[in-house]
Amino acid sequence: MAPSASADPPLTGVRVLELAGLGPVSFAGMMLADLGATVLRVDRPEPPAVPAEARRRVDVLGRGKQSVVLDLRAPGAADELLDLVASCDVLIEGYRPGVTERLGVGPGPCHERNPALVYVRLTGYGQEGPLAQEVGHDLNILAVSGVLDEVGRAGQAPTPPLNLVADYGGGGMLAVVGALAALTDARRTGRGRVVDAAMCDGAMLLASATYAFDPPGPRGTNLLDSGAPFYEVYETSDGQHVAVGALLDPFWRALLEVLGRADDPRWRDRRAADWPALKSELREIFAGRTRAEWLDAFAGTAACVSPVLRRDELADFPHHAARRALIEVDGVPVPAPAPRFAPPAEPA
């Protein structure tokens with residue numbers, strides 16, 4: 001992380017107990033550790049079975065954490081965990097509803113031991129409802145949230161957007177928001193809360209702004225899903241790509257100035273009926289130069305044209321290098337903690 005003030009991170013002194021799980025639970029714990037919390041991860045004696053392709057070469061999501069191995073099904077294990085709960089502020093678990101109750105470490109016993117504990121339950125579908133006990137991963141959750149159906153190109157099947165939306169955005173990050181809100185309340189009242197962080201709810205919440213528009217047309221024909229020529233990715237002559245995000249009129253005009261189309265009313269007006277034709281022409285135009293040549297042509301303009309960077313290009317990208325946006329964990333470059341914090345401004 002880029003150096004800032006010498007002050008302690010904002011969550012210094014907060015103690016978090018993470019019952020080890022896949023993806024979103026680990027991500028939430030990592031975020032809290034990045035923010036300064038002391039995170040103790042309770043690992044299982046045997047890690048969950050995952051495909052070889054899903055095994056990580058480095059424990060990125062474990063950075064900043066301490067760990068202890070505990071078999072919660074073993075006799076006496078519940079008491080050991082409750083001893084840890086007594087001195088913690090937040091507990092995060094990702095089991096299906098009812099599992100921690102059967103293990104003897106549900107919200108009831110935990111709050112008996114520590115009334116101010118914030119108990120975060122991170123699941124796919126929430127603590128109640130017909131799907132509450134259903135198994136599934138990010139893709140399944142995206143499917144029933146209505147998000148997956150709207151991601152993809154015209155005439156093609158929905159495209160999985162990695163496992164970012166339900167697992168990490170709608171799951172892990174919303175769990176952190178819930179934990180911090182409940183922690184603030186616990187500091188005020190002395191009473192903890194149970195946080196029901198459902199990835200399905202979170203994925204739908206992340207799509208809230210799209211509900212403000214008219215009901216979407218077919219996939220890949222709308223404003224932000226690759227339907228519009230001014231919000232699209234184009235291939236360049238060297239097989240690279242540029243992203244055009246000229247959504248607002250000033251940005252679109254800036255792009256047309258560079259392309260020499262500013263005086264053409266068909267381009268200026270960019271009516272929806274003309275979108276397919278304009279996209280086809282833009283594909284031909286961008287295919288005529290390399291990515292570097294296009295970036296030079298648009299440098300200093302407000303056309304909102306950006307390089308589509310590969311992961312192996314990130315470290316050398318000037319902006320990321322200047323902000324030290326990547327750090328190393330066990331020799332592997334990974335994203336640095338975010339957000340960043342600065343000291344308050346000095347009075348004038």
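This section describes the overall fold statistics, one pocket, selected residues and the backbone exceptions of a predicted model.

The protein has 348 residues, and 40% of them count as buried. Its secondary structure consists of 12 helices and 11 strands. The C-alpha atoms fill a box of roughly 75 × 55 × 45 Å along the principal axes. The accessible surface comes to about 19100 Å². Carbon and sulfur atoms account for 56% of that surface. Contacts were also examined by sequence separation. Among contacts between residues at least 6 apart in sequence, 67% join residues at least 24 apart.

The second largest pocket was considered next. Its volume is about 1100 Å³. The lining of this pocket comprises 32 residues, and those closest to the centre are Glu150, Val151, Leu224, Asp225 and Ser226. Two elements, α7 (199-206) and β7 (231-235), each give two or more residues to the lining. Strand β7 gives the most, with 3 residues. By residue class, the lining divides into 17 nonpolar, 8 polar and 7 charged residues.

Two of the central lining residues reappear in the contacts of other positions. Ser226, one of the residues closest to the pocket centre, is touched by lysine 279. Leu224, also listed among the residues closest to the centre, is touched by leucine 247.

Lysine 279 lies in helix α10, which spans residues 275-286. Its relative accessible area is 9%, below the 20% cut-off, so lysine 279 counts as buried. Beyond its sequence neighbours up to four places away, lysine 279 touches Arg153, Ser226, Gly227, Ala228, Pro229, Glu232 and Tyr234. Arg153 and Glu232 are thus among the contacts of this buried lysine.

Leucine 247 sits in the loop between β8 (241-245) and α8 (249-259). Its relative accessibility is 29%, so the residue counts as partly exposed. Leucine 247 touches Leu223, Leu224, Phe230, Tyr231 and Arg270, with residues up to four places away in sequence left out. For one of these partners, phenylalanine 230, the C-alpha separation from leucine 247 is 6.0 Å. The two residues are 17 places apart along the chain.

Glycine 171 belongs to helix α6, residues 164-189. The relative accessibility of glycine 171 is 0%, so this residue counts as buried. Its contacts, not counting residues up to four places away in sequence, are Pro24, Leu122, Ala166 and Met199. A separate C-alpha distance was computed to isoleucine 327. That residue is 156 places from glycine 171 along the chain, and the two C-alpha atoms are 24 Å apart.

The cysteines were checked for disulfides. A disulfide is a covalent bond between the sulfur atoms of two cysteines. The count comes to 0 disulfides. Cysteine 110 illustrates the result. The nearest cysteine sulfur, that of cysteine 88, is 9.6 Å away from it. The cut-off for a disulfide is 2.5 Å, so cysteine 110 is in no disulfide. Cysteine 110 has a relative accessible area of 0% and is therefore buried. Cysteine 304, by contrast, has a relative accessible area of 31% and is partly exposed.

Backbone geometry shows exceptions towards the C-terminal part of the numbering. Most residues other than glycine have a negative phi, and most peptide bonds are trans. Arginine 324 has a positive phi, near 50°, and is not a glycine. This arginine is placed in the loop between α12 (318-323) and β10 (326-329). At 47% relative accessibility, arginine 324 falls under the 50% limit for exposed residues, so it counts as partly exposed.

Aspartate 330 also has a positive phi, of about 55°. Its place is in the loop between β10 and β11. The relative accessible area of aspartate 330 is 71%, over the 50% limit, so this residue is exposed. Strand β10 thus has a loop with a positive-phi residue on either side, arginine 324 before it and aspartate 330 after it.

The peptide bond from alanine 338 to proline 339 is cis, with omega near 0°. Proline 339 lies in the segment after β11 (332-335).

Conventions: Residues are numbered from 1 along each chain as its sequence is written. This is a predicted model: local features need pLDDT of at least 70, side-chain atom pairs count only at pLDDT 80 or more; totals for chains, interfaces and linings use all residues. Side-chain values use heavy atoms; hydrogens and water are left out. On a 1 Å grid over the protein atoms alone, a cavity is a set of points where a 1.4 Å probe fits but cannot get out, and a pocket is an open set with protein on both sides within 12 Å along at least five of seven lines; lining residues have an atom within 4 Å of a point. Grid points are joined across faces, edges and corners, and a volume is the space filled by probe spheres set on the points. Helices (H or I, at least four residues) and strands (E, at least two) are DSSP runs, numbered from the N terminus. Ala, Val, Leu, Ile, Met, Phe, Trp, Tyr, Cys and Pro count as nonpolar, Asp, Glu, Lys and Arg as charged, and the others, Gly among them, as polar. Buried means under 20% relative accessible area, exposed over 50%, partly exposed in between (1.4 Å probe, protein chains only). Contact means heavy atoms within 4.5 Å. Accessible areas come from the Shrake-Rupley method with a 1.4 Å probe; for residues, only the protein chains shown count as cover.
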